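Hi everyone, thanks for coming. I'd like to walk you through a structure today, so have a look at the screen while I talk.

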Amino acid sequence: MSKLVIVRHGQSEWNKANIFTGWVDVDLTEEGVAEAKRAGELLKEYNFDEAFSSTLKRANRTLDIILKEIDQTNIPVTHSEKLNERMYGDLQGKNKDQAREEFGEEQVHIWRRSFDVPPPGGESLKDTLERVTPYFESVIEPELRKGKDILITAHGNSLRSLIMKLENIAPENIVSVEIPTGVPKVYELDENLKVLSSKFLK
Ligand SMILES: O=C(O)[C@H](O)COP(=O)(O)O
């Protein structure tokens with residue numbers, strides 16, 4: 001049996017300002033740092049063999065803060081842009097409320113939460129899933145199959161892709177899945193990587 005823990009980064013400066021972020025490399029806010037510390041406190045009983053993160057600072061800092069908090073800064077850490085947030089294209093840098101005024105509530109909701117409609121110049125969730133899943137299967141799954149316990153810090157939409165895969169969620173049902181910032185979700189997996197249990201730690 002192995003454990004997989006996924007954590008969305010703590011609140012970022014652009015989460016706070018309600019701005020589409022995507023690949024823009026913004027930092028955590030003070031509250032985001034506090035959320036990451038709290039995630040660490042909740043993970044004190046866990047012993048990780050390895051950790052993975054994106055190449056974006058908000059996820060990397062979240063991981064660093066958690067590892068420091070649980071006193072496991074010596075484990076191997078791998079960074080990959082395959083785990084980066086969904087590329088939000090022309091929406092990056094735009095305030096989400098202003099985008100709703102400009103393009104309409106429904107269109108913005110479709111861009112944010114539909115499975116296969118990309119925002120202009122950006123990635124759909126499907127595009128994101130198509131880069132996250134092969135990476136997970138080729139790099140992270142082999143470690144889980146060895147019985148290793150793994151921590152991943154990443155982003156709202158890269159983690160929604162992963163959750164779709166792990167929980168076998170159909171494209172029409174992923175629309176309503178939201179991942180809070182800084183709250184660890186723990187999966188217990190059997191040797192075939194079937195999910196035995198999953199829960200958010202609070
Ligand atoms: O990139 C962003 O703006 C956020 O991290 C995720 O945004 P969303 O909830 O609009 O997909």
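I'll start with the sheet, then go through some helix pairs, and finish with the ligand.

One thing up front: this is a predicted model, so please keep that in mind as we go.

Okay, the sheet. If you're new to this, strands of a sheet pair through backbone hydrogen bonds, either parallel or antiparallel. Ours is an open sheet of 6 strands, and the pairing in it is mixed. Reading across, the order goes β3-β2-β4-β1-β5-β6. Which strands sit at the edges? Those are β3, residues 77-79, and β6, residues 195-200, and each of them pairs on one side only. Ignoring direction, neighbouring strands in this sheet are turned by 15 degrees against each other on average.

Let's zoom in on one end of that order. Strand β5, residues 185-189, runs antiparallel to β6, and 5 bridges join the two. If you want a spot to find on the screen, look for lysine 185, which stands opposite phenylalanine 200 in β6.

Now, what lies across the sheet? Helix α3, residues 57-69, lies across β1 (2-8), β2 (50-53), β3 and β4 (150-154). Against β2, helix α3 runs at about 155 degrees.

Helix α3 also has a helix partner. That's α2, residues 30-42, and the two pack at an angle of about 40 degrees with their axes 8 Å apart. That angle makes α2 oblique to α3. The crossing here is right-handed. Who meets whom? From α2 we have Val33, Ala36, Lys37, Ala39, Gly40 and Glu41, and from α3 they meet Arg61, Thr62, Ile65, Ile66 and Glu69. By class, that contact divides into 5 nonpolar, 2 polar and 4 charged residues.

Next pair: α6, residues 125-145, and α7, residues 156-167. Their axes come within 9 Å and cross at roughly 65 degrees, which makes α6 roughly perpendicular to α7. This crossing is right-handed. On the α6 side you'll find Leu125, Thr128, Leu129, Val132, Thr133 and Phe136. Facing them in α7 are Asn157, Ser158, Arg160, Ser161, Leu162, Met164 and Lys165. The contact of α6 with α7 has 6 nonpolar, 5 polar and 2 charged residues.

One more pair, and then we're nearly done. Helices α4 (residues 96-103) and α5 (residues 105-113) pack with their axes 6 Å apart, at an angle of about 125 degrees. So α4 is oblique to α5. Ala99, Arg100 and Phe103 of α4 make the contact with Glu105, Gln107 and Val108 of α5. Of those residues, 3 are nonpolar, 1 is polar and 2 are charged.

Last stop, the ligand. Which residues surround the ligand? They are Phe20, Thr21, Gly22, Glu85, Tyr88, Arg112, His155, Gly156 and Asn157. You've already met Asn157, in the contact of α7 with α6. As for classes, the shell around the ligand has 2 nonpolar, 5 polar and 2 charged residues.

That's my tour. Happy to go back to any part of the picture.

Conventions:
Residues numbered from 1 in each chain as written. Predicted model: local features only at pLDDT ≥ 70, side-chain atom pairs only at ≥ 80, totals over all residues. Pairing = 2+ DSSP bridges. Helix = DSSP H or I, 4+ residues; strand = E, 2+ residues; numbered from the N terminus. Axes fitted to C-alpha atoms, helices over the stretch in contact; angles between N-to-C directions. Contact = placed C-beta atoms within 7 Å. Parallel < 35°, antiparallel > 145°, perpendicular 65-115°, else oblique. Left-handed = near helix turned anticlockwise from the far one by under 90°. Nonpolar A, V, L, I, M, F, W, Y, C, P; charged D, E, K, R; others polar. Near = placed C-beta within 6 Å.
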